Amino acid sequence: MEKPWLARYPADVPTTIDPSQYESLVEMFEQSVQRYADQPAFMNMGSVMTFRKLEERSRAFAAYLQNELKLKKGDRVALMMPNLLQYPVALFGVLRAGMIAVNVNPLYTPRELEHQLNDSGATAIVIVSNFANTLEQIVDNTPVKHVVLTSLGQMLPRAKGTLVDFVVKYVKGMVPKYDLPGAISMRKALHKGRRLQYVKPFITRDDIAFLQYTGGTTGVAKGAILTHGNMVANVLQAKGAYGPVLSAGRELVVTALPLYHVFALTVNCLLFVELGGNNLLITNPRDIPGFIKELQKYSFTAITGVNTLFNALINNEDFHELNFEHMKLSVGGGMAVQRAVAEKWQKVTGVHLLEGYGLTECSPLVTGNPYDLTAYTGAIGIPVPSTDVRIVDDEGQVLTNDKVGELQVRGPQVMQGYWQRPEATKEVLNEEGWLSTGDIVKFDDEGLLHIVDRKKDMILVSGFNVYPNEIEDVAMLHGKVLEAAAIGQPHEVSGEVVKLYIVRRDPSLTKEELIAHFRQQVTGYKVPKLVEFREELPKTNVGKILRRVLREENDAELAKQNA
């Protein structure tokens with residue numbers, strides 16, 4: 001297959017990387033903390049942690065894991081917390097001890113948490129007290145023997161931290177009662193660890209760094225095995241793609257997406273540690289007024305997020321008053337960036353919103369729009385350096401570049417497989433190293449890739465393919481629409497019809513007005529036949545709209561009607 005994207009690389013972006021530049025994430029980390037020792041590495045709630053402090057604290061935590069908990073290289077340690085200073089301390093402590101980090105969504109139900117702890121075989125967990133009640137309900141059914149507890153304020157200066165914890169627990173009531181006998185506070189663990197000897201284990205590119213859980217293309221959550229080599233490669237690939245606009249030791253990136261999510265983990269945490277940048281950690285990005293107040297204090301140079309986050313920001317008037325003169329880079333991922341959002345973002349900030357594409361199984365970055373783009377294209381861009389892509393049909397036959405089909409990816413960032421699931425691995429990863437993504441794509445004339453849609457989300461109307469992304473994009477072009485999601489609803493004549501869920505920006509919007517808008521924009525079979533107005537749409541913890549939940553709710557409603 002030809003590589004039309006190579007011609008689209010900016011002159012100062014390499015087409016390949018040298019993944020042997022660092023033997024492991026630990027080596028990368030050690031070089032950065034030495035080079036940038038007294039510069040800020042992470043900030044949260046007004047408190048700053050330098051690279052030197054991060055080195056000292058993560059070393060103490062690694063020593064605690066090795067000596068006090070007697071954990072060995074390759075043992076799994078779960079991390080269950082939002083964006084706090086404790087996260088990078090725990091993360092780099094785990095990695096430096098040669099152990100495997102298992103990132104856990106703090107909003108998990110007891111059932112989901114139990115599955116992940118059992119599946120990964122995690123024997124220790126670092127958890128914020130807000131979620132300790134969830135762990136208490138299932139911990140006895142899991143291999144977890146050691147619980148390290150922290151609180152939202154524990155790594156802030158003592159007076160401020162005490163106040164934060166008091167408000168969170170007693171004023172806001174955000175810490176349900178729990179009983180976890182034997183748990184130790186992270187503060188005590190670090191205090192003990194400082195007096196213990198840290199022994200650096202021998203770590204290679206082939207050693208596992210993360211079990212990063214994902215629903216994948218189908219079914220139950222599975223742990224993608226991401227090695228040190230995978231993650232180092234993806235950091236260098238991201239650096240290759242965005243490096244020309246970033247200056248080592250001089251960047252401040254806004255980290256609103258949770259670090260336990262693979263996008264923020266690689267593109268914010270790891271990339272900016274390698275660059276000597278500073279991460280501004282936002283603990284609760286859903287509090288948009290509070291988030292914007294935090295942004296007012298800093299001259300930030302980069303920001304990442306998902307479409308819904310960018311949409312929420314540009315629809316807040318206070319955001320428009322911020323100073324964007326230092327901002328160089330804004331990257332959207334996790335879901336499609338919509339034209340209406342991208343164009344308004346550029347108008348407000350003066351910076352183009354670059355859409356990237358990736359998946360957990362690829363550490364995650366696969367493609368990104370070239371940094372020199374000046375206008376919205378609707379594309380996911382070009383493969384990052386040292387990445388091959390191809391398009392295949394339903395039988396796995398390679399198609400020419402002008403055809404629409406499933407995207408396959410091969411590169412040093414592609415996972416080793418799913419943890420203890422050889423059959424599931426075989427379904428997506430072939431012997432030649434090609435990963436099937438489940439995403440339908442096409443190239444445009446410029447060599448840029450476009451996502452047409454998820455295979456499983458495609459709507460089939462009278463034999464014609466309708467892609468929800470397109471329907472949602474058209475809906476968002478209407479000035480009275482705030483958010484949109486499209487699904488297929490079964491229909492006895494056409495097989496399926498398009499059903500559209502809308503959150504209104506303007507309450508005067510009617511179904512008839514919306515349908516008239518669609519008739520001007522798309523061909524007849526793509527026009528939604530059903531429109532449902534809602535106050536909000538179901539979303540993941542990072543703000544990605546859950547079409548699956550809408551389909552399930554719709555199916556249940558139809559079953560009730562037909563009963």
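Mentor: Let's start with the term itself: on a 1 Å grid over the protein atoms alone, a cavity is a set of points where a 1.4 Å probe fits but cannot get out, while a pocket is an open set with protein on both sides within 12 Å along at least five of seven lines. Lining residues have an atom within 4 Å of a point. This is a predicted model, where local features need pLDDT of at least 70, side-chain atom pairs count only at pLDDT 80 or more, and totals for chains, interfaces and linings use all residues. Residues are numbered from 1 along each chain as its sequence is written, and side-chain values use heavy atoms, leaving out hydrogens and water.

Trainee: How many cavities of 30 Å³ or more does the search find?

Mentor: Three, over the whole structure. The largest has a volume of about 80 Å³, where a volume is the space filled by probe spheres set on the points, joined across faces, edges and corners.

Trainee: What makes residues of the largest cavity's lining nonpolar, polar or charged?

Mentor: Ala, Val, Leu, Ile, Met, Phe, Trp, Tyr, Cys and Pro count as nonpolar, Asp, Glu, Lys and Arg as charged, and the others, Gly among them, as polar. The lining includes Tyr9, Val13, Gly368 and Asn369, and its residues divide into 10 nonpolar, two polar and no charged. Asn369 also lines the second largest cavity, along with residues including His352 and Glu355; that cavity has a volume of about 50 Å³.

Trainee: Which residues lie nearest the centre of the second largest pocket?

Mentor: Met45, Leu152, Thr283, Asn284 and Pro285, out of 34 lining residues. Helix H6 (158-171) and helix H10 (288-295) are the elements that give two or more residues to this lining; helices here are DSSP runs (H or I, at least four residues; strands are E, at least two), numbered from the N terminus. H6 supplies the largest share, five residues. The pocket holds about 1,000 Å³ of space.

Trainee: Why does the search find zero disulfides?

Mentor: A disulfide is a pair of cysteine sulfur atoms within 2.5 Å. The sulfur of cysteine 269 is 20 Å from the closest cysteine sulfur, in cysteine 362, so the two are too far apart for a bond.

Trainee: Why is cysteine 269 called buried?

Mentor: Buried means under 20% relative accessible area (exposed is over 50%, partly exposed in between, with a 1.4 Å probe and protein chains only). Cysteine 269 has 0%, so it counts as buried. Cysteine 362, also at 0% relative accessibility, counts as buried too.
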